[in-house]
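Colleague: Please give me a close look at the largest pocket of this model, with the parts of the chain around it. I would like the cut-offs spelled out as you go.

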Amino acid sequence: MTPSALLITGLALVNAPAPAPQAGPSDQGRQTGETMVCVIAPRVEASASDPRGLGVVMERPALVVSERLRAVIVERQGQPLLHLHSSSGVLPAVIPWQGEALRAGEPVTLRLRPEDSPEGTEATLRLVAAADPVLADYRREKHRLGTRASAWMAAIDAALDRGQPDRAWALLFDPEAPQGSPLDRLRLQVIAQGCGDIPKGASRR
């Protein structure tokens, strides 16, 4: 599979038409406004019954966005345990997982505030860690791939061919993946594409 085909998979516009969330335990009595953020990874699957969507992730999912974010709040078990913010600038496009690894089946919520959004106006990203067998298989695959960039590229292509773009995205932005070309070039292409139009000539999956 060519990089141009990879560019069009796994994009999600978080908080696309959805009602504003109601204040609840996870909001700590605060009404949270809505905004929109283009999330490249993790991949989020939405449905008619769940327009916000849910992303199934590995133990340490990287957050990859094309927006300029001012803050990211990580909530586990309904409690905001981590608040990443930038008072003078913006957060990087690729934000590695912070804190303890997720346990199998554990849900987590990320609240994302873009650069131009006021305090309290956030997009919500709902994630859940994959089941134990999936996490174990992912660890074995990373061990097998080692430090060979070509092996990681082949694994990303294979995941897409199997219809597993979430797996491909996890591998592409995994903190243990090799740095340097061709993976770095592909990461830059994916981030630059964001949630925009599909490039002319790109194949659809």
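Modeller: Happy to: I will start with the chain as a whole, go on to the pocket and its helices, and then turn to the cavity and a few loops.

This is a predicted model, in which local features need pLDDT of at least 70 and side-chain atom pairs count only at pLDDT 80 or more, while totals for chains, interfaces and linings use all residues. Numbering runs from 1 along each chain as its sequence is written, and side-chain values use heavy atoms, with hydrogens and water left out.

The chain has five helices and 10 strands (DSSP runs numbered from the N terminus: H or I of at least four residues, E of at least two). Of its 205 residues, 46% are buried (under 20% relative accessible area; exposed is over 50%, partly exposed in between; 1.4 Å probe, protein chains only). Among contacts (heavy atoms within 4.5 Å) with a separation of 6 or more, 66% join residues 24 or more positions apart.

Now to your pocket: the largest one holds about 290 Å³ of space (an open set of points on a 1 Å grid over the protein atoms alone, where a 1.4 Å probe fits, with protein on both sides within 12 Å along at least five of seven lines; points join across faces, edges and corners, and probe spheres set on them fill the volume). It is lined by 21 residues (an atom within 4 Å of a point), and M58, R60, P61, Y138 and D174 are the closest to its centre. Strand β4 (55–57) and helices α2 and α4 (165–172) each give two or more residues to this lining. By class, the pocket lining has 13 nonpolar, no polar and eight charged residues (Ala, Val, Leu, Ile, Met, Phe, Trp, Tyr, Cys and Pro are nonpolar; Asp, Glu, Lys and Arg charged; the others, Gly among them, polar).

Two of those contributors deserve a second glance. In α4, six of the eight residues are buried, namely P165, R167, A168, W169, L171 and L172. Helix α2 also meets α3, with E141, K142 and L145 on the α2 side and A151, W152 and A155 on the α3 side. That contact has four nonpolar, no polar and two charged residues.

P61 also takes us to the largest cavity, which P61 lines together with L63, V72, V74, L82, L84, I95, P96, W97, Q98 and L110 (a cavity is a set of points from which the probe cannot get out). Strands β6 (69–76) and β7 (79–85) give two or more residues to the cavity lining, whose residues divide into 10 nonpolar, one polar and no charged. The largest cavity has a volume of about 70 Å³, and the count comes to one cavity of 30 Å³ or more.

The loop between β6 and β7 holds G78, which counts as partly exposed because its relative accessibility is 27%. The C-alpha atoms of G78 and V108 are separated by 8.2 Å, although the two are 30 residues apart along the chain.

Two prolines round off the tour. P42, in the loop between β3 (37–41) and β4, follows a cis peptide bond from A41 with omega about 0°. P182, in the loop between α4 and α5 (183–193), is joined to S181 by a cis peptide bond with omega near 5°. Most peptide bonds are trans.
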